[in-house]
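Biologist: Before we begin, I should like to look at the model together and ask some questions about how its parts fit.

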Amino acid sequence: MRTNEEQLNELLAHLDSLDHIHVDEIPQIDLYMDQVTTFMEKHLGELKRYPEDKVLTKTMINNYAKNNLLPSPVRKKYTQEHILLLVFIYYFKNLLSFTDIETVLSYITENHFGTSESSLAEIYTKVFSMEHNQMDRLKEDVKEKFEKAKETFPTAAEGSEDPENAESLQLFAFICELAFDVFLKKQMIERLADELRDENPPKKKK
């Protein structure tokens, strides 16, 4: 059985292995839906929890368009900007409702989709340029949470009579800290989305 430290090292190594889709990797030509799902599967497949999961399906794309998260394709073809929006949606969808995603993306889709000034590609590149610094801060925060969990439930050498129990409690406390962090950040995003929605009420559904 792996120790908690070994699991932590595996988690940090996994974070190091992750990368996002770069603009220059997206075809310049417009794609049909099947080509879009294939492209997303190829480039984001490593983020799936289970091998049988799908990064993106036709049904998902249709639902995104139906709920105003994604502009409709032109003659059944999707542009590079459609794919950039799909990447944002992919990261948002595990945290936020469709209503909140629509709200967060509304300014971008209304003002920077299909325009030459401050194009969506430029915005996407600048947003993801923050990734490396964010990843470094995240890793330090994860290690700090791990050490705090160890201090809260010390091992046998530090006073516990049952080292296996201490390890299990440390792992549980570590998971709780990670979950609480996600919960609080989700709360902040939802409050910001509510404020954006109050300032700019959504348009009627298609």
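**A buried acid and its surroundings**

Modeller: In this predicted model, the side chains of Glu 131 and His 20 are joined by a polar contact of 2.5 Å.

Biologist: In which helix is Glu 131 found?

Modeller: The model is predicted, and its helices are numbered from the N terminus. The helix that holds Glu 131 covers residues 131–152, and it is helix H7.

Biologist: Which side chain of opposite charge is nearest to Glu 131, and how far away is it?

Modeller: Glu 131 is buried yet has no salt bridge. A salt bridge requires the nitrogen and the carboxyl oxygen to be within 4 Å. The nearest side chain of opposite charge lies beyond that cut-off, so no such pair forms; it is Lys 139, at 11 Å.

Biologist: Leaving aside neighbours within four places in sequence, which residues are in contact with Glu 131?

Modeller: One partner is already known from the polar contact, namely His 20. With the neighbours within four places left aside, the contacts of Glu 131 are Leu 18, Asp 19 and His 20.

Biologist: With which residue does Asp 16 form a salt bridge?

Modeller: Side chains of opposite charge can pair when their charged atoms come close. For Asp 16, the closest N and O atoms of the pair are 2.7 Å apart. The pair links distant parts of the chain, helix H1 (residues 4–17) and helix H7, 123 residues apart. The partner of Asp 16 is Lys 139.

Biologist: Is Lys 139 buried or exposed?

Modeller: A residue counts as buried when its relative accessible area is under 20%. Lys 139 has a relative accessible area of 17%, so Lys 139 is buried.

**The nonpolar cores**

Biologist: Which helix gives the most to the largest nonpolar core?

Modeller: This core has 33 residues, and those touching the most other members are Ile 21, Val 36, Met 40, Leu 56, Leu 86 and Tyr 124. At least two residues each come from helices H2 (33–44), H3 (58–66), H4 (80–92), H5 (98–111) and H6 (120–129). The helix that gives the most, with 8 residues, is H4.

Biologist: Which residues does Tyr 124 touch, not counting residues up to four places away in sequence?

Modeller: Tyr 124 is among the core residues that touch the most other members. Not counting residues up to four places away in sequence, Tyr 124 touches His 20, Ile 21, Val 23, Leu 84, Val 87 and Phe 88.

Biologist: How many residues are in the second, separate core?

Modeller: Its members include Leu 15, Phe 146, Ala 149 and Phe 174. The number of residues in this second core is 9.

**Helix H8**

Biologist: What distance separates the end C-alpha atoms of H8?

Modeller: H8 has 37 residues, and at 1.5 Å a residue the helix should span 54 Å. The separation of its end C-alpha atoms agrees with this expectation, being 54 Å.

Biologist: Which elements are included in what covers the buried residues of H8?

Modeller: The buried residues in H8 are Ala 166, Gln 170, Ala 173, Phe 174, Ala 193 and Arg 197. What covers them includes H1, H5 and H7.

Biologist: Why are Glu 190 and Lys 186 separated by about one helical turn?

Modeller: The side chains of Glu 190 and Lys 186 meet in a salt bridge of 2.5 Å, N to O. Both residues lie in helix H8 (residues 163–199), and they are separated by about one helical turn because their distance along the chain is 4 residues.

Biologist: With which residue does Asp 194 form a salt bridge?

Modeller: Asp 194 is partly exposed, with a relative accessible area of 36%. Its partner is 3 residues apart from it in helix H8, about one helical turn. The closest N and O atoms are 2.6 Å apart, and the partner is Arg 197.

**Two loop residues**

Biologist: Which is exposed and which is buried, Asn 68 or Arg 75?

Modeller: Asn 68 is found in the loop between H3 and strand S2 (77–78), and Arg 75 is found in the loop between H3 and S2. Phi is near 65 degrees for Asn 68 and near 55 degrees for Arg 75. The relative accessible area of Asn 68 is 18%, so Asn 68 is buried. At 74% relative accessibility, the exposed residue is Arg 75.

Key:
Residues are numbered from 1 along each chain as its sequence is written. This is a predicted model: local features need pLDDT of at least 70, side-chain atom pairs count only at pLDDT 80 or more; totals for chains, interfaces and linings use all residues. Side-chain values use heavy atoms; hydrogens and water are left out. A nonpolar core is a set of buried Ala, Val, Leu, Ile, Met, Phe, Trp, Tyr and Cys residues joined through side-chain atoms within 4.5 Å. Buried means under 20% relative accessible area, exposed over 50%, partly exposed in between (1.4 Å probe, protein chains only). Contact means heavy atoms within 4.5 Å. Lys and Arg count as positive and Asp and Glu as negative; His and the chain ends are not counted. A polar contact is a pair of N or O atoms within 3.5 Å; within protein, one must be able to donate a hydrogen and the other to accept it, and residues adjacent in sequence count only if both atoms are side-chain atoms. The expected span of a helix is 1.5 Å times one less than its number of residues.
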